[in-house]
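The following exercises concern the arrangement of helices and strands in one protein model. Please work through each task with the structure at hand before reading the solution.

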Amino acid sequence: MTRKFIAAAAQLGPIARDEPRASAVARMQKLLIEAHRRGAELVVFPELALTTFFPRWLIEDEAELDSFYETEMPNAEVQPLFDTARELGVGFYLGYAEIAYENGQKRRFNTSIMVDKSGQIIGKYRKIHLPGHPEYEDWRPFQHLEKRYFEHGNLGFGVFDGFGGKLGMCLCNDRRWPETFRVLGLRGAELVMLGYNTPVHYPLAPEHDHLQDFHNHLSMQAGAYANGCWVIGTAKAGREEGCDLIGGTCIIAPTGEIIAKTQGFGDELAMAEIDLDRCRELRENVFNFALHREPDDYRDICAG
């Protein structure tokens, strides 16, 4: 049984604050159709792919804030994407803002899902490493209120069966933390999919602005190599509502090599063949966990 398939990282350019979901969905459908034409069986869209990156503003009206979230998935506005995927026989990863009612409590999460070729959701992830700050800070050129608008994800780092292998998910800031990839790797993930919205300007350390693309790829390439897994990282890119977002959408092999990358900051595909059996090159050799890993000496990692 072959464990090879073509995958596409489907970068999105800016989404305006007043751009309706129907527009964003239509753009994703167009990318999905083109990816399928070029042989793709799996398409990875960005984080918060249905709306602009709304945590850059303080939104105090709850009804307005709620308008950026989904209460069910799929819903009527997103169903066309599911329908197109099912008709083409293409699976996808999608990031969005979720309102969930659990035990009678309204909860907000930064969420991603994995959808198989039949249009069925086969996995869900809720972002764990939330960046930013919880209160409005007037000195900032733009806000980053993820800690205000989202709760810490409560589903853990799940690994799901699909596309002939073991697949995991994370979101944006998660990629910067080695523990994300290590937990997914320990659970057998052979492909990690993630979407991101990353500003070029980092107000707390502007001297790092020129390093944003480097750090983006560094973290994903290190995660791929040290865990012997494929990584697909997909950006929402370009100047969105006055805020510049990095691009750099890419597909990374288990060796840590970038084998496909977008060139610009608009709607664009990066595509490559994924051979899940290549994970063995690392997992049976330099990163053979059973043979070489020494967890007893790593206890400080989780000590506090």
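Axes are lines fitted to C-alpha atoms, for helices over the stretch in contact, and angles run from 0 to 180 degrees between N-to-C directions. Helices (H or I, at least four residues) and strands (E, at least two) are DSSP runs, numbered from the N terminus. The model is predicted: local features need pLDDT of at least 70, side-chain atom pairs count only at pLDDT 80 or more, and totals for chains, interfaces and linings use all residues. Residues are numbered from 1 along each chain as its sequence is written, and side-chain values use heavy atoms, with hydrogens and water left out.

**Exercise 1.** Describe how helix α1 and helix α3 pack.

*Solution.* Step 1: two packed helices are described by the angle between their axes and the distance between the axes. Step 2: the axes of α1 (residues 21-37) and α3 (residues 79-88) come within 9 Å and cross at roughly 10°. Step 3: α1 and α3 are therefore roughly parallel, a term for angles under 35 degrees. Step 4: the contact (heavy atoms within 4.5 Å) involves Val-25, Met-28, Gln-29, Leu-32, Ile-33 and His-36 of α1, and Pro-80, Leu-81, Thr-84, Ala-85 and Leu-88 of α3.

**Exercise 2.** Determine the strand order of the sheet that contains β14, and place α1 on that sheet.

*Solution.* Step 1: 6 strands form an open, mixed sheet in the order β5-β4-β3-β2-β1-β14; strands pair if DSSP finds at least two bridges between them. Step 2: β5 (121-126) and β14 (268-275) are the edge strands, each pairing on one side only. Step 3: the twist from one strand to the next averages 35°. Step 4: α1 packs on this sheet, touching β1 (4-11), β2, β3 and β14, and its direction makes about 45° with that of β14. Step 5: within the sheet, β2 (residues 40-44) and β3 (residues 91-102) pair in the parallel sense over 3 bridges, and Val-44 has Tyr-93 in β3 as its bridge partner.

**Exercise 3.** Is Asn-216 buried or exposed, and which residues does Asn-216 touch?

*Solution.* Step 1: Asn-216 is located in helix α6. Step 2: helix α6 (residues 212-227) lies across β8 (191-196), β9 (230-235), β12 (250-252) and β13, at about 30° to β12. Step 3: Asn-216 has 0% relative accessibility and so counts as buried, the limit being under 20% relative accessible area with a 1.4 Å probe and protein chains only. Step 4: not counting residues up to four places away in sequence, Asn-216 touches Arg-175, Tyr-196, Ile-246, Gly-247 and Gly-248.

Technical notes:
Angles under 35 degrees count as roughly parallel, over 145 as roughly antiparallel, 65 to 115 as roughly perpendicular and the rest as oblique. Buried means under 20% relative accessible area, exposed over 50%, partly exposed in between (1.4 Å probe, protein chains only).
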